[in-house]
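Dear colleague,

I am handing over the structure we spoke about, and below it you will find my notes on what was found in it. Please read them with the coordinates open beside you.

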Amino acid sequence: MQFTVAIDGPAGAGKGTLAKAVAARFGFAHLDTGLLYRAVGRKALDQGRGTLDEGLAELVARELTPPDLARDDLRGALASRAASKVAAMAGVRKALVAFQRDFARREGGAVLDGRDIGSVICPQAEVKLYLDASLDARARRRHEEMAAGGAAGSLDAVRREIEERDSRDASRADAPLTKPVDAHLIDTTDLTIEQAVERAVDIIEQALARVR
Ligand code: CDP
Ligand code: CDP
């Protein structure tokens with residue numbers, strides 16, 4: 001069976017957490033597509049000695065390897081910022097399309113989370129979810145997560161970083177962050193993780209019943 005769940009939304013909306021829970025619940029494979037952009041951004045920064053060159057980033061994207069995705073420095077603010085910068089480069093996005101589409105159509109079902117999954121990568125996805133939450137809630141979650149991981153940084157700095165990234169992601173020419181018209185909106189501002197998962201599971205079960 002081929003069955004794709006596309007999850008999009010801004011930083012800290014809860015996409016990754018929900019995607020993992022849904023994948024475990026239904027036995028689907030999960031791809032965090034943000035990790036691809038983080039790995040490209042981080043490696044291109046290294047190779048460019050601190051600056052992001054478009055040609056170099058494109059080359060890195062075309063030749064991305066599993067160890068690039070396993071680096072332990074992909075979650076920090078530097079990688080986040082570099083990710084959203086290389087994500088605005090059309091050549092970088094293009095280089096990553098085939099891998100994501102192949103993943104989405106693998107046998108047994110797949111969940112992909114990112115910014116353009118329902119709009120560009122998998123416009124035919126059986127289920128599209130768009131997660132959102134207030135900027136304050138998203139910044140608070142990210143800040144708590146970073147503090148728990150031992151990273152320094154104020155709540156204000158996290159809020160600014162997220163705001164800057166959201167606005168770059170939503171305003172770029174190629175595959176901007178947007179809610180596809182046929183996506184189900186889940187606003188997680190006042191939801192627990194369990195409540196958000198429950199809503200997603202209901203939507204997915206209905207779609208599965210239609211295709212089975
Ligand atoms: O992937 P994305 O950036 O959209 O968000 P995430 O990494 O899944 O979630 C960011 C943080 O918010 C995590 O620490 C989650 O545990 C937390 N979270 C939450 O508190 N309530 C939710 N409804 C969803 C996520
Ligand atoms: O976890 P969080 O939501 O903060 O970020 P992420 O999903 O790891 O994505 C990092 C950056 O990669 C985003 O800010 C986007 O610029 C970019 N991205 C994208 O353009 N398209 C995707 N499908 C996934 C991520």
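I begin with Arg 142, which is found in helix 8. Please keep in mind throughout that this is a predicted model. Arg 142 counts as buried because 20 C-beta neighbours lie inside 10 Å, and 20 is also the number from which a residue is called buried. Leaving aside its neighbours within four places in sequence, Arg 142 is in contact with Ala 11, Gly 12, Val 158 and Ile 162. Its C-alpha atom is separated by 16 Å from that of Ser 84, a residue 58 places away along the chain.

One of those contacts leads to Gly 12, which is found in the loop between strand 1 (4–8) and helix 1. Gly 12 has 24 C-beta neighbours inside 10 Å and therefore counts as buried. Not counting residues up to four places away in sequence, Gly 12 touches Ala 133, Arg 138, Ala 139, Arg 141, Arg 142 and Ile 162.

Gly 14 is likewise found in the loop between strand 1 and helix 1, and with 25 C-beta neighbours inside 10 Å Gly 14 counts as buried. With residues up to four places away in sequence again set aside, Gly 14 touches Leu 131, Ala 133, Thr 188, Ile 193 and Ala 196. Both glycines appear in an unreviewed UniProt entry, which lists Gly 9, Pro 10, Ala 11, Gly 12, Ala 13, Gly 14, Lys 15, Gly 16 and Thr 17 under "binding site".

What, then, surrounds the ligands?

Around ligand 1 there are 16 residues, of which Gly 14, Lys 15, Gly 16, Thr 17 and Arg 141 come nearest. The elements that give two or more residues to this shell are helix 1 (15–26), helix 8 (135–148) and helix 10 (193–211). By class, the residues of the shell around ligand 1 divide into 5 nonpolar, 7 polar and 4 charged.

Ligand 2 is surrounded by 17 residues, and the closest are Ala 11, Gly 34, Ser 84, Ala 87 and Gly 114. Helix 2 (34–47), helix 5 (77–86) and helix 9 (155–171) each supply at least two residues of the shell around ligand 2, and that shell has 5 nonpolar, 7 polar and 5 charged residues.

Turning to helix 1, I also looked at Ala 23, whose place is in that helix. Ala 23 counts as partly exposed, because 19 C-beta neighbours lie inside 10 Å, whereas 20 or more would be needed for a residue to count as buried. Not counting residues up to four places away in sequence, Ala 23 touches Phe 28, Ala 29, His 30 and Val 111. The C-alpha atoms of Ala 23 and Ala 83, which are 60 residues apart along the chain, are separated by 24 Å.

The last item is a helix pair: how do helix 3 and helix 6 cross? The axes of helix 3 (residues 54–62) and helix 6 (residues 90–104) come within 8 Å and cross at roughly 5 degrees, which means that helix 3 is roughly parallel to helix 6. On the side of helix 3 the contact is made by Glu 54, Ala 57, Glu 58, Ala 61 and Arg 62, and on the side of helix 6 by Gly 91, Val 92, Ala 95 and Leu 96. By class, this contact of helix 3 with helix 6 has 5 nonpolar, 1 polar and 3 charged residues.

With best wishes

Technical notes: Residues numbered from 1 in each chain as written. Chains lettered and ligands numbered in written order. Predicted model: local features only at pLDDT ≥ 70, side-chain atom pairs only at ≥ 80, totals over all residues. Near = placed C-beta within 6 Å. Helix = DSSP H or I, 4+ residues; strand = E, 2+ residues; numbered from the N terminus. Nonpolar A, V, L, I, M, F, W, Y, C, P; charged D, E, K, R; others polar. Axes fitted to C-alpha atoms, helices over the stretch in contact; angles between N-to-C directions. Parallel < 35°, antiparallel > 145°, perpendicular 65-115°, else oblique. Contact = placed C-beta atoms within 7 Å. UniProt positions renumbered as here; feature names shortened; annotations may be inferred. Buried ≥ 20, exposed ≤ 12 C-beta atoms within 10 Å, placed from the backbone.
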